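Visitor: I'd like a close look at one thing only, the salt bridges. Could you walk me slowly through a few pairs and where their partners sit?

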Amino acid sequence: MAGQGQTDEHSVSNGPTEEREIMDEHVSTAKAPMDEENHLFPSVVDMRVSVGDHSVLNTAQNPQPSKTDVALQTFVNEIFSGHTPVEFKAPHRSRSDAQDLCPFCGLMLNRKNLQVHLKRRHPEQVSSLEKPAPSQLKTSKQHRLPLRKQRKIAMESEIRDVFRHCIRFPVPISASVVSDEPVDAAGEKRCITVLTCWSQCDLERGCKLGFTQRWNLLCKRDTIEHVLPSGMSTQIHGELLSCMSPSGMSRAVIREEAGHQHLEIWGQNGLEKSLDLTALEKHGKVYEDAQFGCLAWSPCEKKLLYVAEKKRVETLGHSSFASTNEDGGQVLLEEQDKSVYVEDWGEGLLGKSCPVLCVADLSKRAVIVYAGVPPHISPGQALWAPYGRGIVFVGQWNEPFRLGLKFCSNRRSAFYYLDMKGNCECLSSDRLSVSSPRMSPDMCWIVYLEGQMFGPHHQCLKMMLYDMKNRTSSVLVDVVRRAEKGQFAGIYEQLPTQCWSKDSERVFFSSACENSKAVFSVERSTGRVTQVCGTDGLRLDDFGSVQLLTIQKDLMVMSCSSPNQPPCLKVGFLSSVDQAEDMQLCNLGGAHVYGGFDWQPMLIKPPSQEENHQFSGLNFGAILLKPYSPPEGRKTPLVVNIHGGPHAHFAAEWNATATALTKLGFAVLMVNYRGSTGFGQDSIECLLGNVGSQDVKDVQRAVLCALQNEASLDPDRVVVMGGSHGGFLACHLIGQYPDYYKACAARNPVINAATLLGTSDIVDWRYSSVGFQYAFDRLPTPQSLTAMLEKSPIIHAAQIRAPVLLMLGARDRRVSPYQGLELYKALKSRNIPVRLLWYSDEGHSLSKVTTQSDCFLNIVLWFREHLN
């Protein structure tokens, strides 16, 4: 098999190399005692000369060593080094009457007394000589290592250093305008303060750190004249949620420390209020996730709205219990049995089952849990209705049972209004999926996103406009079935928290568009969509993707990056609708470095034999990263990287893993096969029923195109990697093209969709992926199970010859780790090289910093071993 002979230590072809390594090992071992001695006696090394195989003392006054010199050297060696080196054949006297000088104070003593003298009078000097520095011992130990081991240590150190360098760049996660103050009497000049929050990985501590930066912008009307330095960053400790008040005078933070969650109000004079939410015992843990979590100030800035888990009580007798809130409503606390199964919302939402709407009254220092939400729905993503007269929220159906919600925009949900008396009203259709409600500054309009229920679990979404006055909804931006090259291709991600222009006339958002990501605006009155900031204008040509973080008071803050450039921030004021290209942008913060490699987007048209005739004419994409100059005389090995989802997207943005692979000498091909977001709804729907075939052919077609167009790539050294559905495709490729790929690395891959059916939190996708309609009461049939098996990589396991590295999270709720184990056993039984890494405290994403680092190290070592 490929790679096996290269790792066999008894291979005849490796003989000469091994002989040289053995000789090197013997030479380094022979030198080690001398090196240890040099380290042990720094005070006498300068007086030592080498004669044959012996070390002796030498001074200007006594060029030839005396008997005392030799005896002292021998004795010190015996005391401190624990061994006796070969001595000169000097005149001998018995050890009982031998006299020697103390090497520290010069006192002449019998050898027996000298040993006691040294221990009593010079214990510190003796101790320092007895214990060499750790670095010295380490060096000595390394000298003894075989050459092969030294090379492996050096290789692992190089891989860790490269990954540490690439993952250390901070990523902006949010931004907000915290103040806007005039600086002259006429009011033409003003100072705007922008607060940005960042996330950064610390490999040494194995965690993600959060920090904030403040920027002061000196502006004249709507033009930024100067950006003042931000000063030092401030680390964030334990923050779950945060939100600036409408006036910008206060900042609310929900923080978790020592098992307690606190609501803190920060102002100009530091901490102004603090509520121990855990001690109040009104609810369980606060939700901080994107599916339910929120933190919103009331218009009067006296109350804060958030979502938390419903309070549970222990069983006391046989009756039900209730706690009465301050508005007269009741939140029922059902009798609990410790053995009763409690559903949650699946992968990434462990322990989150029954969310409730909570309001903290800051003046009364109390928390109210609002009643009135129908029991069959779970509230989240809440915001205040106009004038604080009620609450608007998204309600997720939790009956007949909960399905996994993370990464899924196809769950049955609706848009609701709850007044202060507990009356709840549905404002949208209750047979669709909704998310991201955002209130306009004039409190007259709400935009939200709407999609289909079931089918693809991520899809192109409509933007709906709700008229608060007339209580009607209309379509503002419709689903895009397919788009012309470079044109708006639809909405695929959640809206920013602040997305309206200050005149309530335009809405701004980011969205995938082919292989990139751009910022768009839509006019409220006409529905016309315009690209505001993309990669083809506004001096953003150097960036592959632009992500909108916020727009407040018509100031936009955006994160810009490319595969070879870490994220940096750009800010600018909105221009008029017809002059978007005149918008002036300024640098605000972030990295300004470039990786030493090139990248290029690819747009690929499938050949006629690979067309989907129901959805003909669809293109797909890829992004190729490659080093500037490969080693002389050698072509560059290619890593094929496949995203999961499958309805996800590789944007031309900063990707630490891809960057690190490129810096280590690989070219990386990131494939957006048909079914990826950013290419229209037709592209997404064309994959239903065609997984394991159409998507596999797309990836292979992208590889062939890259190799054909780039002569510097090595067609004989191609490897593949991916996670989840990307792992599913990676394992398909090495089974369907067994002689093409030299190695494979798969994270939590789907291996057998039929056996996954009863263990995944998104059971609906198991049916939809193979072309069946799903319903809650649907039961598996021989036909459906056969279809799932036939589209799974396990049926090609007998053809796999490439070595496989598997990385599995033991707590994965989406793709059971036993999927990977099934392939592991199939390969082991056929003597195919396979290695399995088991992460006992990880879920589906394998997202912990230490896990990411360990996976990357093992992937690179695996690829290098089998490409050598």
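Guide: Gladly! A salt bridge here is a side-chain nitrogen of Lys or Arg within 4 Å of a carboxyl oxygen of Asp or Glu. Please keep in mind that this is a predicted model, in which local features need pLDDT of at least 70 and side-chain atom pairs count only at pLDDT 80 or more, while totals for chains, interfaces and linings use all residues. Residues are numbered from 1 along each chain as its sequence is written, and side-chain values use heavy atoms, with hydrogens and water left out.

Searching the whole structure turns up 32 salt bridges. Let's start with Arg 471 and Glu 425, whose side chains meet at 2.4 Å, N to O. This pair joins distant parts of the chain, 46 residues apart: Glu 425 belongs to strand β23 (residues 424–426), and Arg 471 to the loop between β26 (462–467) and β27 (472–477). Strands (E, at least two residues) and helices (H or I, at least four) are DSSP runs, numbered from the N terminus. Arg 471 is partly exposed at 44% relative accessibility, and Glu 425 is also partly exposed, at 34%. For these labels, buried means under 20% relative accessible area, exposed over 50%, and partly exposed in between (1.4 Å probe, protein chains only).

Now turn to Lys 352 and Asp 289, a salt bridge in which the closest N and O atoms are 2.8 Å apart. Here both partners sit in loops, 63 residues apart: Lys 352 lies between β17 (330–333) and β18 (355–361), and Asp 289 between α8 (277–280) and β14 (295–297). Lys 352 has a relative accessible area of 11%, so this residue counts as buried. Asp 289 is buried too, with a relative accessibility of 10%.

For a pair with one partner of each kind, look at Arg 481 and Asp 682. Their closest N and O atoms are 2.8 Å apart, again in a salt bridge. The two residues are 201 places apart in the chain, with Arg 481 in the loop between β27 and β28 (506–513) and Asp 682 in helix α10 (residues 681–685). Arg 481 is partly exposed, with 38% relative accessibility, whereas Asp 682 is buried at 10%. It is worth lingering at this spot, as Arg 481 and Asp 682 belong to a network of salt bridges that also takes in Arg 482 and Glu 685.
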